[in-house]
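Welcome! Please take a moment to look at the sequence and the 3D structure shown here, and then read on for a short tour.

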There are 2 protein chains.
Amino acid sequence: MFSWGLASHGSTPHIALVEKKVPEPEMTTEATRDAPAQRPLRADAQRNRDRLVEVAAQMFASDGVDASLEEIARRAGVGIGTLYRHFPTREHLVEVVYRREVEGLCHAAEELANEHPADVALELWMQRFVDYIATKRGLATSLRVLLTTNSTLFSDTSGRVSGAMRGLIEAAAASGKIRADVDASDVMHALGGIYSAPNTPDWRERSGRLVKLLMDGLRFGARG
Amino acid sequence: MFSWGLASHGSTPHIALVEKKVPEPEMTTEATRDAPAQRPLRADAQRNRDRLVEVAAQMFASDGVDASLEEIARRAGVGIGTLYRHFPTREHLVEVVYRREVEGLCHAAEELANEHPADVALELWMQRFVDYIATKRGLATSLRVLLTTNSTLFSDTSGRVSGAMRGLIEAAAASGKIRADVDASDVMHALGGIYSAPNTPDWRERSGRLVKLLMDGLRFGARG
DNA sequence: CACTAAAGCGGAGGTGCCTCCGTTTGTTTA
DNA sequence: TAAACAAACGGAGGCACCTCCGCTTTAGTG
């Protein structure tokens, strides 16, 4: 689904001609719980780490992935050394931010499902999905590297996102708010249009209309 | 398909046709090729540009793509400003070097074809091809970005390389030195094994044997 | 509490990146 | 050949990256 995939570059098995040492990024806080034999971060360290991620998310969104790391540290109120201890490379930080956003997107699905009728939840979520893609423009190249370098990242995240969507669609179909004869992957595919040219000025509006149109189609012929 | 990197000059002394600091004069056309319909570079500019590419090729080969640009400029005997004027970004420089190396590889095919019996030429070329892949580990990430960013580069170069190989194979088949019932793309495919684990210590030897084995297979049942 | 080891912090400093602009050099024209 | 000018040069300067290590804070322990 994510067009950044760069899946296979031809018929030959593509091999990682290996490059520089990139230590595995650490898991986020929650994830450390299931990680075996890993002491939890000290309270202050945890706090700083969270702030860094928070600030980095904003900075990446507004300035692109090339945002100054020193500026991120500054705004997070920590020294540059602290940033580097937590995230040895820029990619580490990008990855954590990326995963966090995916997490947020999936979490939003649950939340919306609880607070709205199933069809509305679906629509709102799709709109949010569009926003999500929008913010990723700047990150495109860095993500491209990341997603080819780190194949887990790709499968993890795309799995989570499509799972969230599938849940919303099935709920909406079950409740009769949308027609029952659609498959989640079809809807996913229909959203494909939003990948095109995400930098034109009217892209956001066009995508919004695409979602509405899609919803109309989904509601057409629904039971109730 | 050919997402591997630049050839190194002289990491393995296998094939002795490595150019001895007398680069082909037509290499200088490179500059003008980039910018068609444009005044030729001034003599000094051309000279500097050539030196930069030359030095960059060496540095990239020995230190990886992260080689210091300032060091490259220094060794080429020019100021850093000059480097940047010719190659506004690191990627520009990498691309030019990469294209040059591909060119060299293809040129070697012709040369080998003139100097050796067709089957020997093919074998030698494949060995050189292995070297070419072997050395470029460090460039993997940068090239990956380049090749996804710049799709022309990818199709250009992979076309050139497979074209060169096809030529050698057809010539060998035509002269009866190898069997006639093989297709170039099959041979290419058979070479696929060399992509695996190019960092293990015995990789070079294993790949060399693979090539020999392949040649045996190709010679088996040849007319003459 | 008080104490201590370990964890965490931060920022100076060395290096590389890239831009900008005054100076030098090649080329063209007269 | 000389003058004139565009092209090219080069390096200083400013900013970002990242490492290193002495200082500070935390979380246990008695």
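Sorted by class, the surface near DNA strand D holds eight nonpolar, six polar and seven charged residues. Before going further, please keep in mind that this is a predicted model.

## Around the DNA strands

Let us stay with DNA strand D for a moment. Of the 21 residues around this strand, A:Ala43, B:Asn48, B:Val78, B:Gly79 and B:Gly81 come nearest. Two or more residues each are given to this surface by α2, α3 (69-75) and α4 of chain A, and by α2 and α4 of chain B. Which element provides the largest share of the surface near DNA strand D? That is α4(B), with four residues.

Now turn to DNA strand C. This strand is surrounded by 23 residues, and the closest are A:Asn48, A:Val78, A:Gly79, A:Gly81 and B:Gly81. In chain A, α2 (43-63) and α4 (80-86) each supply at least two residues of the surface near DNA strand C. In chain B, α2 (43-63), α3 (69-76) and α4 (80-86) each do so as well. With four residues, α4(A) gives the most to the surface near DNA strand C. Divided by class, that surface has eight nonpolar, seven polar and eight charged residues.

## Chain A as a whole

How many helices and strands does the secondary structure of chain A come to? There are ten helices and zero strands. Read from the N terminus on, the elements of chain A run α-α-α-α-α-α-α-α-α-α. Chain A has 224 residues, of which 25% count as buried. If you take the contacts in chain A between residues at least 6 apart in sequence, 70% of them join residues at least 24 apart.

## How some helices pack

Two packed helices are described by the angle between their axes and the distance between the axes. Here are three such pairs.

| Helix pair | Distance between axes | Crossing angle |
|---|---|---|
| α5 (residues 90-115) and α6 (residues 118-134) of chain B | within 9 Å | roughly 155° |
| α6(B) and α10 (residues 203-219) of chain B | 10 Å | about 155° |
| α6 (residues 118-135) and α10 (residues 203-219) of chain A | within 10 Å | roughly 155° |

Begin with α5(B) and α6(B), whose axes cross at roughly 155°. These two helices are therefore roughly antiparallel to each other, an angle over 145 degrees being what counts as such. The crossing of α5(B) past α6(B) is right-handed. On the α5(B) side, the contact is made by B:Leu105, B:Ala108, B:Ala109, B:Leu112 and B:Ala113. On the α6(B) side, the residues are B:Ala118, B:Ala121, B:Leu124, B:Trp125, B:Arg128, B:Phe129 and B:Tyr132. By class, the residues of this contact divide into eleven nonpolar, no polar and one charged.

Next comes α6(B) with α10(B), which pack at an angle of about 155°. That makes α6(B) roughly antiparallel to α10(B). Here α6(B) passes α10(B) in a right-handed crossing. From α6(B), the residues B:Asp119, B:Glu123, B:Met126, B:Gln127, B:Val130 and B:Ala134 take part. They meet B:Trp203, B:Arg204, B:Ser207, B:Gly208, B:Val211, B:Met215 and B:Arg219 in α10(B). This contact has six nonpolar, three polar and four charged residues.

In chain A, the axes of α6(A) and α10(A) cross at roughly 155°. The two helices are therefore roughly antiparallel to each other, and α6(A) passes α10(A) in a right-handed crossing. The contact involves A:Asp119, A:Glu123, A:Met126, A:Gln127, A:Val130 and A:Ala134 of α6(A). Their partners in α10(A) are A:Arg204, A:Ser207, A:Gly208, A:Val211, A:Met215 and A:Arg219. The residues of this contact of α6(A) with α10(A) divide into five nonpolar, three polar and four charged.

## Two residues to look up

Try finding B:Glu95, which lies in helix α5 of chain B. Is B:Glu95 buried or exposed? B:Glu95 is buried, because 22 other C-beta atoms lie within 10 Å and 20 or more are enough to count as buried. Leaving aside residues up to four places away in sequence, B:Glu95 touches B:Leu146, B:Asn150 and B:Leu153. B:Leu143 is 48 residues from B:Glu95 along the chain, and the C-alpha atoms of the two are separated by 8.3 Å.

Then look for A:Asp156 in helix α8 (residues 151-174) of chain A. A:Asp156 has 13 C-beta neighbours inside 10 Å and so counts as partly exposed. Between the C-alpha atoms of A:Asp156 and A:Arg99, 57 residues apart along the chain, the separation is 9.0 Å.

How values were computed: Residues numbered from 1 in each chain as written. Chains lettered and ligands numbered in written order. Predicted model: local features only at pLDDT ≥ 70, side-chain atom pairs only at ≥ 80, totals over all residues. Near = placed C-beta within 6 Å. Nonpolar A, V, L, I, M, F, W, Y, C, P; charged D, E, K, R; others polar. Axes fitted to C-alpha atoms, helices over the stretch in contact; angles between N-to-C directions. Parallel < 35°, antiparallel > 145°, perpendicular 65-115°, else oblique. Left-handed = near helix turned anticlockwise from the far one by under 90°. Contact = placed C-beta atoms within 7 Å. Buried ≥ 20, exposed ≤ 12 C-beta atoms within 10 Å, placed from the backbone.
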